[in-house]
Every structure is written in C-alpha cells, then in structure tokens.
Amino acid sequence: SYEKRMEKIVAVFPNTFELFGNERTRIVRAFVETCPPVDIGHLTNARQFHDFLSARWQRRSPRPPYLRDVAACELACATVRAHVDDAGPQTENGKSSKPRHGIRRHPGVVLLRCAYDIRTIFETGIGKAVPPKRDTPLAVAIPPGIDRPRSNGLPQVFELSAAVFDLLCALDHWTDPAALSGLAEPDLLIRELAEHSLLEVRR
C-alpha cells in the first residue's frame, strides 16, 4: 500500500524528510504520482526515491543545499545495512575465487564524496549545527567489533583523507598489496584500514 511504501522510505531517509520542511507534502505527492512501485523491498524503494530526488534537484537545487549529501549518505547507510549480512566467500566451480594473498575494499563499505561536511547531522542531529561547505570524502561502514549478522545499529560515517579515499575507490577487486609499495608505510596503512573494517586482507 501507499502508506507502507512511504513508511519504508521515511525509515531510510529520516533526516532528509525532516529537512524537507514545508516541501514534504509536495515532494511526496510528486513522487507517488510519477514513480509507481516496482518492488516491495525497502532498499529498492529507497533507491527509487533517491533517483527521483536526484532528477528533481537537477532542475531545481535542493534547500538547504546540503540536503543532496544528506540523502546520499542515508541511502549509503541503508545499503550498508542491507548488505552487511551478505557474508561468505564467492565461489567459482565450487572453489573459492578469493586469491591466497590480496587486499580489496571491504564489500560492506560505501564511499561518498560530499560537498558539505554532514557528519554533524548524523552525530548530533539536525539543528545542532549547519554543515560547513567543504570537499568531504566519506566512508560509510559498520564499525569494527560489531556482531554484524545481529546488529541493527546504524553504520558509522568516517571522514577519509583524499588519498585514502582515492585508494579505496581503486580497490574494487582483489589486488596484490605490492601495488601499494609506492606509498609511505603501506603495511601500516593496510593494517589501519583493516582495523576500521574499510579493507579486507587475505594473507
């Protein structure tokens, strides 16, 4: 039903809907009229709503201007939660396709390049502080030490240096750690990223 569909979407985008303010009813009406449901899954509906917002914001900039980043981050959090239980090695012909030695970005991590530092919204809530405008590379991931299959907690939003962000973006697939030999202290970097569940390491 319409109500259940919107409940799922609002649950994914609580801060986004709060920031809509007086525009909320108008935005919801436009979404319902132009985007019929294609799936009952909450993540599918969330992605459809985010696509709708992105198309709308191409024609008219969002208000407040950091709303675009907040919506993207909330979708990233939902994506991480949805995939966090998807464990187990990938296989090919009954054998593990993982190399014996390699590194890759953790599959449960979503990377975002934001125009505003929106972490305050996720840490302290809306109204506590206005996010400053600055290039902010972020990673969204479940914090280390959490019982992933049983955790219903929110993923954590990390700020990364530009160099680490670019490195993680490049590590879509298993890669020989020797490829990082040109970096300063590559072993230390690999260990720190693995400790924060941003990198998978296979030795």
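**Group meeting: a walk through the helices**

Okay, let's start with two helices: α4 and α5 run roughly antiparallel to each other. The angle between them is about 160°, and anything over 145 counts as roughly antiparallel, so that's where the word comes from. Their axes sit 11 Å apart, and α4 passes α5 in a left-handed crossing. Before I go on, please keep in mind that this is a predicted model.

So which residues meet where these two helices pack? From α4 we have Leu43, Ala46, Arg47, His50, Leu53 and Trp57. On the α5 side, the list includes Leu67, Ala71, Leu75, Ala78 and Ala82. Look at the numbering there and keep one rule in your head. An α-helix has 3.6 residues a turn, so residues three or four places apart point the same way.

Now follow the chain from α4 towards α5. In the loop between them you'll find Pro64, and the peptide bond joining Arg63 to Pro64 is cis, with omega at about -5°.

While we're at α4, let me pick out one residue. Gln48 is in this helix, which covers residues 42-59. Is Gln48 buried or exposed? Its relative accessibility is 15%, and the cut-off for buried is under 20%, so Gln48 counts as buried. Leaving out residues up to four places away in sequence, Gln48 touches Arg5, Phe31, Cys35, Pro36, Pro37 and Val38.

Arg5 takes us nicely to α1, residues 2-12. The buried residues here are Arg5, Met6, Ile9 and Val12. Seen down the helix axis, they fall within an arc of 115°, so they line one face of α1. On the other side, Lys4, Glu7 and Ala11 are exposed. And what covers the buried residues of α1? The cover includes α2, α3, α4 and α5.

Let's jump along the chain to α7, residues 162-170. Its buried residues are Val164, Phe165, Leu167 and Leu168. They cover an arc of only 160° around the axis, which puts them on the same side of the helix. The face turned away from that buried side carries two exposed residues, Ala163 and Ala170. For α7, the partners of the buried residues are the strands β3, β4, β5 and β7, plus helix α8.

Speaking of α8, I've got two loop residues to show you. Glu185 lies in the loop between α7 and α8, and Ser197 lies in the loop between α8 and β7. Glu185 has a positive phi of about 50°, although it isn't a glycine. Ser197 isn't a glycine either, and its phi is positive too, near 60°. How about their surroundings? Glu185 has 56% relative accessibility, and since over 50% is the mark for exposed, it counts as exposed. Ser197, with a relative accessible area of 11%, is buried.

Let me zoom out to finish. The protein has eight helices and seven strands. Of its 203 residues, 40% are buried. The accessible surface comes to about 11,900 Å², and 50% of that belongs to carbon and sulfur atoms. Last one: take the contacts with a separation of 6 or more, and 67% of them are between residues 24 or more positions apart. Gln48 touching Arg5 is a nice example of a contact to look up on the screen. That's me done!

Terms used: Residues numbered from 1 in each chain as written. Predicted model: local features only at pLDDT ≥ 70, side-chain atom pairs only at ≥ 80, totals over all residues. Heavy atoms only, no water. Helix = DSSP H or I, 4+ residues; strand = E, 2+ residues; numbered from the N terminus. Buried < 20%, exposed > 50% of the residue type's maximum accessible area, 1.4 Å probe, protein only. Contact = heavy atoms within 4.5 Å. Areas by Shrake-Rupley, 256 points an atom, 1.4 Å probe, with all protein chains shown as cover. Arc of directions from axis to C-beta. Axes fitted to C-alpha atoms, helices over the stretch in contact; angles between N-to-C directions. Parallel < 35°, antiparallel > 145°, perpendicular 65-115°, else oblique. Left-handed = near helix turned anticlockwise from the far one by under 90°.
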